[in-house]
Structure formats: C-alpha cells, structure tokens
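User: I would like a close look at one part of this model, followed by a tour of what else is there. Please keep it brisk.
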Amino acid sequence: MIGVENPGAGAVTEILAATPKRVDLIASSAVLTEPGWTFTAPGNTSITVANDFDSAVSIRMSDSTSMDRPSIASSVPEDLWNDLWNYGGRLTMRFGSTLAVAGDCCTVGFGAPVNASRGWIPAGTNYTPYVGCAVTIKRTTTGFDFYWFNADTVKIGTVSATTAQAVDMEIKATAMSSRLDFYAGGALLATLNNWQYIDEFFTGVVGVHTRPATLITQPVNIRRLMFMAFGDNGTITIPTVQASTRVILPYDARSWIIKVPDDFPLNATIDVVSRGCNSVTFAPVNKALFNGTSTALHTRGTGLILRLNATQVAGDPGNWWVTG
C-alpha cells in the first residue's frame, strides 16, 4: 500500500496511498479503438464519435428499428473484483441526450463471477454464476428516469436535465458488503442490500447497451464510463520517528484516515495534499492528540485542493497542531 522514500529521522518520508484499480473509458477522437473495450453495433445500429451540446467529444449510441442493440463492454480482471469486495469501489458514467423527447436510452452495469472468496449475496433463491448490478435509464421531456434493469416498471428516481446538460450517475459498492448505493445528479436515489442476478450481457464485464428497439429509443451521449475498486481500506499509518512526512492521496472521492503513533520529535511535520478526496481525519495509533483532542477532521471544499499540515508542538505522547 505504501511507498517510502529516504526513511529516517532527518529525511522527508513520502507516502503514496494505493492507486485504485480501474477500467476506464474516456471519450476522445480515437476512443473507438481504445484497447480492452469492445464496441458492437449490429444491423442498422451505430456507435459514433460525436460532439455533445457544448462541442465536447462524446460516444453516441443509436438504435435501429430492429431488435439489434449497440453495446460497449470491457472485461473486468479478477484482482479488481477482489479489491471491490475487500475495499469497495464504484461505477460512474457521465452521459446526456441532446433530444428532449421521451424514450428509452440505455442500461449500464456490471456482473461479477460468484466466487467463494467473495461474499456478495444476491436477492432471491435461484443460483446463477454471475451477480452484479445494472440500471436502466429512460429519457423524459425534462430529464431522466432510472430503474433497476430487471424491474422496468418500478422507478427508483429521476433527475432533471435539459438538452444542454450532462448527468453524472454512480453505483457505490460498500466494502465487504452486498450494499449498493445509486446516485444520480449528486443525490442518493436508491439503495440495494443485495446484488442482482445479472443478464447475459453483463457476465464478467462492465458495459452499457441501448434498450431493445421495439421500444421508442433515444440516442445517448456518453462522455465517460469508469469502474474502479480501491486498493486499500483508506487508512494510512505514519512511520514512527520521522522528522518530516509527506502524504500524497489519489484523485478519488474518498474519506481518508491518517493514523499517527506516539513519540515523534518536537516540530516534526506531516503534510497531506489531495485534489479529489472527501475528507482527511488525523487520528492516534495510541494516545496522540490533535489540536488538543483525539481527532482532527478536515473536509475538502468543492473544486479545491486540500492541503493540511500537522506539526508536533508538545512532547510524549504528542500533541499535533493541524491546520489547512
């Protein structure tokens, strides 16, 4: 989890938190040849690179009038599934539609092979070798409605969106749990406490496909599709007796805990920098204090870089003055 450079009381110790594993698709002019991704457009369907409402490059998926459906998918490596179970992770997609006409858009999700070393529990009693989660997205004249993929008549939420807006959706997986939280437009819309039995398209992959073309369908513009799993539990322990320590956190929306042992030298410093975290909490391994209390929590403001400094200002077991 940790890389340390120049250990020792007189040196700067640099700690790099584990980088999450991810399968990532970002729209670009060359995206349709992205290694590891399969783009399938049977019959009269199409997958093209197109300009979105703001001229940004996006991937446009369009149906025909047949039952054919275009799709985008990538296989997910076994070590990512293992990290997803152990540490949690998320599926995110940024998408939109330049048409304000009601109709079905697409279904996006993932499916993991059932494995004895992982404990995801699906709803129901029928056994299948794959479980996961998928969400169906339907266009309305004022935004988007969302449904679990196998329950198209039960709406789980909606967001407003004009033809000049992109929407962010996210499925968060909780570490060592079958809980899944679904967010869209920044709001929590629904929670599952069991994974779903997944259909054949999502067996072992992350991907998106349009709805069957027997329905009224609308093209969908996709800017990014990313599936990731954290590489650790979000806790970093500072090596003991370092005069200066620098902690660098990945660009991920996550809350981190920095654990600090006792007995650091007076005026020792710990610096933390993050461009994307939710928050950083300083906490003791044993008896250390932070601004005179047991913990110090700092939350990163939207669009800001979080820069924190902790300085040892008192002796054993230590009282750190934390600013940022």
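Which strands form an open sheet, and in what order?

Analyst: This is a predicted model. Start with the sheet. Four strands form it, in the order S18-S20-S22-S24. The sheet is open, and its pairing is mixed. S18 (235-237) and S24 (296-299) stand at the edges. Each of these two has a single partner strand, so one side of each has no neighbour in the sheet. From one strand to the next, the twist averages 20 degrees.

Now zoom in on one pairing. S18 runs parallel to S20 (residues 255-260), and three bridges link them. Thr 235 gives an example: its bridge partner in S20 is Ile 257.

Next, look at strand S26, residues 319-323. Its side chains alternate. Trp 320 and Val 322 point to one face and are buried. Asn 319, Trp 321 and Thr 323 point to the other face and are not buried. That fits a general pattern: in a regular strand, side chains alternate between the two faces of the sheet.

S26 also has partners. Strand S25 (residues 306-314) pairs with S26 in the antiparallel sense, over five bridges. One bridge partner of S25 in S26 is easy to find: Ala 314 is matched with Asn 319. S25 and S26 form a hairpin, with four residues between them. Gly 318 sits in the turn and has a positive phi of about 120 degrees. Strand S23 (residues 289-290) joins S26 too, this time parallel, through two bridges. Here Phe 290 has Trp 320 as its bridge partner.

Trp 320 leads to another strand. Among the residues that Thr 269 touches are Trp 320, Asn 309, Ala 310 and Thr 311. Thr 269 also touches Ala 243, Ser 244 and Thr 245. Thr 269 belongs to strand S21, residues 269-274. Its relative accessibility is 19%, so Thr 269 counts as buried, the limit being under 20%. The side chains of Thr 269 and Ser 244 make a polar contact at 3.4 Å.

What about the interior? The largest nonpolar core has 50 residues. Phe 110, Ile 137 and Phe 146 have the most contacts inside it. Take Ile 137. Setting aside residues up to four places away in sequence, Ile 137 touches Met 93, Phe 95, Asp 104, Cys 105, Cys 106, Val 108, Phe 144, Asp 145, Phe 146 and Met 169. A second, separate core has 24 residues, including Ala 17, Val 247, Val 280 and Phe 282. In soluble globular proteins, nonpolar side chains tend to be buried together.

Two of the residues that Ile 137 touches are cysteines, Cys 105 and Cys 106. Are they bonded or free? The model has zero disulfides. The sulfur of Cys 105 has its closest cysteine sulfur in Cys 106, 5.7 Å away, so the two are too far apart for a bond. Cys 106 is likewise in no disulfide. Cys 105 is buried, at a relative accessible area of 0%. Cys 106 is buried as well, at 0% relative accessibility.

Now a helix. H1 covers residues 78-87, and its buried residues are Leu 80, Trp 81, Asp 83, Leu 84 and Trp 85. Those buried residues pack against five strands: S2 (21-26), S7 (89-96), S8 (103-113), S12 (167-173) and S17 (220-229). Gly 88 follows H1, with a positive phi near 85 degrees.

Two more buried residues round off the tour. Ser 71 lies in strand S6, residues 71-75. Ser 71 counts as buried because its relative accessibility is 10%. Apart from neighbours within four places in sequence, Ser 71 is in contact with Thr 38, Phe 39, Thr 40, Ile 47, Met 61, Phe 201, Val 208 and His 209.

Thr 45 lies in the loop between strands S3 (38-40) and S4 (46-51). Thr 45 is buried, with a relative accessible area of 8%. A polar atom of the Thr 45 side chain lies 2.6 Å from the backbone oxygen of Pro 42. Thr 45 and Thr 210 are 165 residues apart in sequence. In space, their C-alpha atoms are 9.7 Å apart.

Methods
Residues are numbered from 1 along each chain as its sequence is written. This is a predicted model: local features need pLDDT of at least 70, side-chain atom pairs count only at pLDDT 80 or more; totals for chains, interfaces and linings use all residues. Side-chain values use heavy atoms; hydrogens and water are left out. A nonpolar core is a set of buried Ala, Val, Leu, Ile, Met, Phe, Trp, Tyr and Cys residues joined through side-chain atoms within 4.5 Å. Buried means under 20% relative accessible area, exposed over 50%, partly exposed in between (1.4 Å probe, protein chains only). Contact means heavy atoms within 4.5 Å. A polar contact is a pair of N or O atoms within 3.5 Å; within protein, one must be able to donate a hydrogen and the other to accept it, and residues adjacent in sequence count only if both atoms are side-chain atoms. A disulfide is a pair of cysteine sulfur atoms within 2.5 Å. Two strands pair if DSSP finds at least two bridges between them. Axes are lines fitted to C-alpha atoms, for helices over the stretch in contact, and angles run from 0 to 180 degrees between N-to-C directions.
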